[in-house]
Amino acid sequence: MMQQYLRIKAQHPDMLVFYRMGDFYELFYDDAERAARLLDITLTRRGESAGEPIKMAGVPHHAVDQYLARLVKLGESVAICEQIGDPNASRGPVERQVTRVVTPGTLTDAALLEEKRDNLLLALCPQRGTMGLAWLSLASGRFAVMETAAANVAAELERLAPSEILVPEDAAAEFLNGSTTAVKRLSPWQFDLDAARRALARQFETHDLSGFGAADLTAAVSAAGALLEYARSTQGTAIAHVKSLTVEQERAWVRMDPATRRNLELTETIRGEPAPTLFSLLDTCATGMGSRCLRQALHHPLRDRATLAARLDAVGVLAGNGTGTPHQDLHALLKQCVDVERIAARVALRSARPRDLSGLRETLGLLPELGAALATLASPRLAALAQALAPQDALAALLAAAIKPEPAAVLREGGVIADGYDAALDELRAIQSNCGEFLLELEGRERARTGIANLKVEYNRVHGFYIEVTRAQADRVPADYRRRQTLKNAERYITPELKTFEDKALSAQERALAREKQLYEKLLDELAPHIPRLQGAAGALAELDMLAAFAERAVALDYRAPEFADEPLIEIEGGRHPVVERQVESFIANEARLTPERQMLIVTGPNMGGKSTYMRQVALIALLAHCGSFVPARRARLGPLDAIYTRIGAADDLAGGRSTFMVEMTEAAYILHHATNASLVLMDEIGRGTSTLDGLALAWAIARHLVEKTRSLTLFATHYFEMTLLAEDFRQVANVHLDAVEHKDRIVFLHSVEEGPASQSYGLEVAGLAGVPGAVIRAARKRLAELEEHGLAAGPQRDLFSGRVPDAPGAPAGEEHAALKRLRDIDPDTLTPREALELLYQLRKQLDE
């Protein structure tokens, strides 16, 4: 047996092997040690190999899913080795083989998957400065590719959030950008372009890849070929539900870099928690399919105006346009639907469980009701979804006939195939359930036939079924009776009819289970042609669920439909931050207006005054509009938008060897290189990670570049009051501020956006609110007064919020310095070189004094 195990382990050296032995999956040697550490299970030793005890650890087969889930979350891959031979017919070890491989990116089992998140397997193939990407959701069958510049890989990994990444062994690791995702390195030959084209054409049953728009792609197709073969090898079967390839174009989405996705907290807070986020706020979906569709939409805001208009129209109709709540009726129906998308994939992979099929049957039964509900709603998009949700009567009838109303959880328990579906199975079940009835009926017939009144038909485990007759009546038995056993006072017989019944009865349960398995496998074969229509229905259910959630949120949270314009602008009236407004008692709505004539807003105001919230809400309103959702504003009008970039917050990257300031400058550099005049840029306190003068200089230069060169619509928050002077140099720059007032030794933040620069920072007051000791605050206040009076030692540094230019060092407040006065009185044209030199020394002495 150990030789058999070692042969199997040699084929899967880099993963844990779960080796089935009776009711347990066992692990041996190093696998056992690793599993015991990761799963906190007992490590034992048994037997010997090369003089050393064999290390063992095991998990019960009925609880294997929970252990697999824990291992997959830790990035481990597991080969499941099952007994496929008959233990009773085998002289040596039972025949075993690996039936499937479970890896982080190839999960399909409901117990291992997150309901509201897609599980993606992604392959990367670098090729002369270009990066080919291919990704597959095995649980849904969606397969996509794209090619992009190598510099954009980090942004794409953040967008797609794969669970496992495949890369060539000889590829450099830099392009992974420190990703913590499980990485599997494959031999370079597995990324061969010609082999990939053949494999993909074979999978899609096409002559080539022209029909998918992938004929001219090389790096992406190479990645797709490697990914497809890897996925197929893990499943141990064909992946028949993967029937098409989508070529994605970067220009289809509103681009966001990794920092922007984190800063806007779309699906995860900056601390890595699932709530409160935009996704957690909007996700009132009734199904996992709808939640995944919503997550996808938030990370892929659309630029196509026609699609957006269709979605917004559908949301308005579902919201009732003030005349009802159709979304509630749909939500109630959708809540009864199962995850059709993932069940269809499991049917294709032949891993669907009985209750998957019964749930699918119930959902198909709801399609006519969903169609009737959608037929009353006047929306082109909803009409298109209704077509995809047309009743599938043949499939529903098949499942209704084949599967019991409440089947067993797993096939091995029996009780899955419906009564009346198969005559042979019904007979086997009847034998099990009607055994006693048959014996009584046979006993009555035999008594009547033989005239022996005390004849009995009985059963025991040693001799099976028999007819017992007393010795005195033995000469009256018919000729077809065959003696089975002789007792002191009785004879026991068997008849051909009873022997036939015995054979059926003793093996009926075993044969019934075998017959059910055979019928179930055949049923999966019959379901296979229906998979494309099921996938279409699943996509329609998911989108309908997402649109109904958008409608529900619009009604519940007072969101309005955005408007789109052709000129570059963002005009928001009564805008709110969707997440923050749900976390506070009252939220102050604010306006925002960005146009080519008002291209940049310099946002000033006190700490905690709401600058970051104000900037983020503008970005989130723009993003929601491009997802096809209503927005938290009284009115929102948006021009073309190709990207959203943010430089907000500060955090170092110690593992990557980058300081806080280095991270800040890296993100700023990315924005300056990639932003266009159709981009929305948020810059929050740029330059604060270095000295005041260096930071101010950088902030000023970056802002000027955005105004002059990039011409992006920009919100630029700063504590450098000098930045507000940009409005004097550039007519397309405007100042706005968030104010605060002092009331009875307290600071009150007003949170309303007003025109013009702020007048004070209230930094010391905020420090007091944070709990800084009073003695420290008093010392800071004293030092602040000195700085305001004498200026910074480094030179004429302006006070950040005084609203005036400080005087030269040494001059009384408000008076011109004597050195400046003397300079004004000088006529340079009348000075000799000697007089000029003497004057320079005198002025320098005067300043020093």
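**Entry 1: Leu840 and its patch**

I started with Leu840, which I found in helix 27, spanning residues 833–848. I kept in mind that this is a predicted model. Is Leu840 buried or exposed? Its relative accessibility is 56%, and the cut-off for exposed is over 50%, so Leu840 counts as exposed. I then looked up its surroundings on the surface: Leu837, Leu840 and Tyr841 make a nonpolar patch of about 370 Å².

**Entry 2: the nonpolar cores**

Next I went inside. The largest nonpolar core has 107 residues, and Leu357 and Leu382 have the most contacts within it. Which helix gives this core its largest share? I noted helix 19, residues 531–557, with 15 residues. Another core lies apart from this one; it has 31 residues, including Phe143, Leu186, Leu217 and Ala224.

I picked Leu382 for a contact list, leaving aside neighbours within four places in sequence. Its partners are Ala314, Val317, Leu318, Leu374, Leu377, Leu544 and Leu547.

**Entry 3: helix 11**

I turned to helix 11, which runs over residues 326–334. Here I listed Pro326, His327, Leu330, Leu333 and Leu334 as buried. How do these residues sit around the axis of the helix? Looking down that axis, I found the buried residues of helix 11 within an arc of 125°, so they line one face. I also checked what they pack against: helix 10 (305–318), helix 13 (354–375) and helix 19.

**Entry 4: His463**

I moved on to the loop between strand 14 (456–460) and strand 15 (464–470), where His463 lies. With a relative accessible area of 29%, His463 falls between the 20% and 50% cut-offs, so I logged it as partly exposed. Not counting residues up to four places away in sequence, His463 touches Arg484, Gln485 and Glu502. I also took a distance to Leu166, 297 residues apart from His463 along the chain: their C-alpha atoms are separated by 61 Å.

**Entry 5: Val469**

Last, I looked up Val469, whose place is in strand 15. Is Val469 buried or exposed? Its relative accessibility is 0%, and buried means under 20%, so Val469 counts as buried. What does Val469 touch, once residues up to four places away in sequence are not counted? I wrote down Ile452, Leu455, Ala474, Val477, Ala490, Glu491 and Tyr493. For a distance, I chose Glu526: it is 57 residues from Val469 along the chain, and the two C-alpha atoms are separated by 52 Å.

Technical notes. Residues numbered from 1 in each chain as written. Predicted model: local features only at pLDDT ≥ 70, side-chain atom pairs only at ≥ 80, totals over all residues. Heavy atoms only, no water. Core = buried A, V, L, I, M, F, W, Y, C linked by side-chain atoms within 4.5 Å. Buried < 20%, exposed > 50% of the residue type's maximum accessible area, 1.4 Å probe, protein only. Helix = DSSP H or I, 4+ residues; strand = E, 2+ residues; numbered from the N terminus. Contact = heavy atoms within 4.5 Å. Patch = residues over 30% accessible without salt bridge, like charges linked within 9 Å, V, L, I, M, F, W, Y side chains within 5 Å. Areas by Shrake-Rupley, 256 points an atom, 1.4 Å probe, with all protein chains shown as cover. Salt bridge = Lys/Arg side-chain N within 4 Å of Asp/Glu carboxyl O. Arc of directions from axis to C-beta.
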